[in-house]
Number of protein chains: 2
Amino acid sequence: MLSFSEENYLKTIYHIEQFQPDGVSTNAIAKKIQTKASSVTDMLKKLAAKQLIIYEKYQGVQLTKEGKKIALKVIRRHRLWEYFLVKKLNYRWDEVHEIAEQLEHIKSKTLIDNLEEFLRFPKFDPHGDPIPDKNGKMILTKTISLLELKVGQKGVLDSLKDSSDAFLKYLNKKNLALRDRIKVIDIEPYDNSVHIETKTHQLLISKKVAENLNIKV
Amino acid sequence: MLSFSEENYLKTIYHIEQFQPDGVSTNAIAKKIQTKASSVTDMLKKLAAKQLIIYEKYQGVQLTKEGKKIALKVIRRHRLWEYFLVKKLNYRWDEVHEIAEQLEHIKSKTLIDNLEEFLRFPKFDPHGDPIPDKNGKMILTKTISLLELKVGQKGVLDSLKDSSDAFLKYLNKKNLALRDRIKVIDIEPYDNSVHIETKTHQLLISKKVAENLNIKV
DNA sequence: ATATATTTTTAGATAAGACTAAAAAAATAT
DNA sequence: ATATTTTTTTAGTCTTATCTAAAAATATAT
Ligand SMILES: [Mn+2]
Ligand SMILES: [Mn+2]
Ligand SMILES: [Mn+2]
Ligand SMILES: [Mn+2]
């Protein structure tokens with residue numbers, strides 16, 4: 001049985017691996033998990049001893065098949081609980097992450113499958129991220145960043161690159177939600193800001209924000 | 001913020017205090033929490049330093065007002081989660097305790113009140129135990145053990161003195177459930193076993209079992 | 001009242017997971 | 001090619017929650 005901490009490391013390595021497929025660095029993990037590099041090194045040794053990652057000094061790490069399986073289990077639990085909190089307990093999407101961070105570590109052979117059934121097998125969490133099924137399979141949607149759209153092009157807001165509460169609150173304020181249809185009205189070449197239009201309103205968006213919006217075209 | 005372990009100690013002390021109002025012994029705690037007496041002593045010092053218990057060497061402990069408040073919070077969380085597991089995820093009453101032992105430690109200002117509302121403010125958990133409200137208030141039902149009933153007397157199975165999974169499974173097997181109307185047919189003076197009748201069947205019950213059935217007359 | 005048994009506490013050790021400071025390795029810049 | 005900077009690891013410390021073994025206090029029995 002893995003500890004909370006071990007599960008968090010595996011999950012974090014999985015997330016970073018999506019962008020850094022050939023070797024996740026100690027520092028990258030430390031930054032995401034909000035700890036010191038030396039603490040990360042200690043844990044990497046432990047996970048390597050358990051054959052959950054491949055670790056060679058100074059070389060960065062990769063999840064083994066078993067490590068990836070556990071990471072996906074934790075992510076599955078996290079996203080199903082987030083869905084529960086939003087759909088059943090009426091939380092907003094910017095309120096659930098921290099609670100799910102705790103709930104994702106509850107240990108039970110049956111709990112998460114029963115929860116999934118109760119929720120009627122949702123395929124996406126409140127932030128548009130796919131929920132892995134019992135076997136770790138999930139729906140991967142092809143998206144591009146809003147920054148890559150040309151003037152006049154349309155698309156649908158599918159998910160987010162940054163799901164921090166701060167960014168979610170920003171989107172609340174600007175009245176932007178998942179599945180909103182977005183059209184690019186204009187792009188300012190000086191600072192790459194984007195002028196967009198939704199069904200209900202027009203909006204000016206900075207490069208930084210545009211970068212974090214995943215669009216299905 | 002208290003640790004899992006501290007919360008468990010407070011909850012356990014509260015439970016024992018119901019039967020031992022003037023001082024809970026180190027050994028009693030150790031037995032319930034499945035740990036060594038020396039470990040208990042260490043924790044008692046810590047809880048006393050935090051003013052959650054009154055502790056004097058060799059004298060046993062009592063919860064302070066604040067300690068009791070926290071204990072009731074943990075019990076509230078435990079019982080609401082148990083209710084959720086049975087009513088929403090279709091668990092049996094003998095399957096939920098261990099999962100609730102984990103869920104009861106999830107920290108959030110709002111979670112448990114939202115869960116309570118979602119469940120429509122249940123007043124009793126699946127084992128007949130009262131669920132404390134936001135302020136720690138709960139419905140206390142006057143019951144006596146089945147052992148105290150006379151031949152011919154009737155009553156309703158209200159709750160259990162022992163809610164271990166083993167005992168719950170025994171009751172499943174014998175087709176005895178909460179709120180069953182029970183009549184005492186005969187009492188065997190030799191071993192204090194009790195012959196009872198419910199709406200559907202008759203049953204012979206040992207002294208030990210009878211002792212653990214709380215009856216509302 | 002005294003011996004014996006039981007309970008509780010103390011002392012010292014261990015494991016997990018974090019930290020700081022310093023050393024070693026790797027990456028980058030001149 | 002060498003110096004400098006950055007990254008990573010090591011060594012040693014700390015905290016929390018355990019444990020065992022031994023000492024001290026209390027309870028029980030004769
Ligand atoms: Mn999240
Ligand atoms: Mn999410
Ligand atoms: Mn329980
Ligand atoms: Mn219960």
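**Figure 1. Phosphate contacts of chain B with DNA strand C in the predicted model.** In this predicted structure, an N or O atom in the side chain of B:Thr41 lies 2.9 Å from a phosphate oxygen of DNA strand C. A second threonine, B:Thr26, places a polar side-chain atom 2.9 Å from a phosphate oxygen of this strand. For B:Lys57, the distance between a side-chain N or O atom and a phosphate oxygen of DNA strand C is 2.6 Å. Two or more residues each are given to the surface near DNA strand C by α1 (4-17) and α3 (37-49) of chain A, and by α2 (26-33) and α3 (37-49) of chain B.

**Figure 2. Protein surroundings of DNA strand C.** DNA strand C is surrounded by 20 residues, of which the closest are A:Ser3, A:Thr35, A:Lys46, B:Lys45 and B:Tyr55. By residue class, this surface comprises five nonpolar, 10 polar and five charged residues. On the nucleic acid side, 79% of the atoms of DNA strand C within 4 Å of the protein belong to sugar or phosphate, and the rest belong to bases.

**Figure 3. Protein surroundings of DNA strand D.** The residues around DNA strand D number 20, and A:Lys45, A:Tyr55, B:Ser3, B:Thr35 and B:Lys46 are the closest. Of the atoms of DNA strand D that come within 4 Å of the protein, 77% are accounted for by sugar and phosphate. The surface near DNA strand D consists of five nonpolar, 10 polar and five charged residues.

**Figure 4. Polar contacts of both chains with the backbone of DNA strand D.** From chain A, the side chain of A:Lys45 brings an N or O atom to 2.5 Å from a phosphate oxygen of DNA strand D. From chain B, a polar side-chain atom of B:Thr35 is found 2.6 Å from a phosphate oxygen of DNA strand D. B:Tyr58 instead has a polar side-chain atom 3.3 Å from a sugar or linking oxygen of DNA strand D. The elements contributing two or more residues to the surface near DNA strand D are α2 (26-33) and α3 of chain A, with α1 and α3 of chain B.

**Figure 5. The buried acidic residue B:Glu17.** B:Glu17 belongs to helix α1 (residues 4-17) of chain B. Although buried, B:Glu17 forms no salt bridge. B:Lys68, the nearest side chain of opposite charge, is 6.4 Å away, which means that it falls outside the 4 Å limit for such a bridge. The side chain of B:Glu17 does reach the backbone nitrogen of B:Leu63, at 2.9 Å. Apart from neighbours within four places in sequence, the contacts of B:Glu17 are B:Val24, B:Val61, B:Gln62 and B:Leu63.

Note on methods: Residues are numbered from 1 along each chain as its sequence is written. Chains are lettered from A and ligands numbered from 1 in the order in which they are written. This is a predicted model: local features need pLDDT of at least 70, side-chain atom pairs count only at pLDDT 80 or more; totals for chains, interfaces and linings use all residues. Side-chain values use heavy atoms; hydrogens and water are left out. Helices (H or I, at least four residues) and strands (E, at least two) are DSSP runs, numbered from the N terminus. Buried means under 20% relative accessible area, exposed over 50%, partly exposed in between (1.4 Å probe, protein chains only). A polar contact is a pair of N or O atoms within 3.5 Å; within protein, one must be able to donate a hydrogen and the other to accept it, and residues adjacent in sequence count only if both atoms are side-chain atoms. Contact means heavy atoms within 4.5 Å. A residue is near a molecule or strand if one of its heavy atoms lies within 4 Å of it. Ala, Val, Leu, Ile, Met, Phe, Trp, Tyr, Cys and Pro count as nonpolar, Asp, Glu, Lys and Arg as charged, and the others, Gly among them, as polar.
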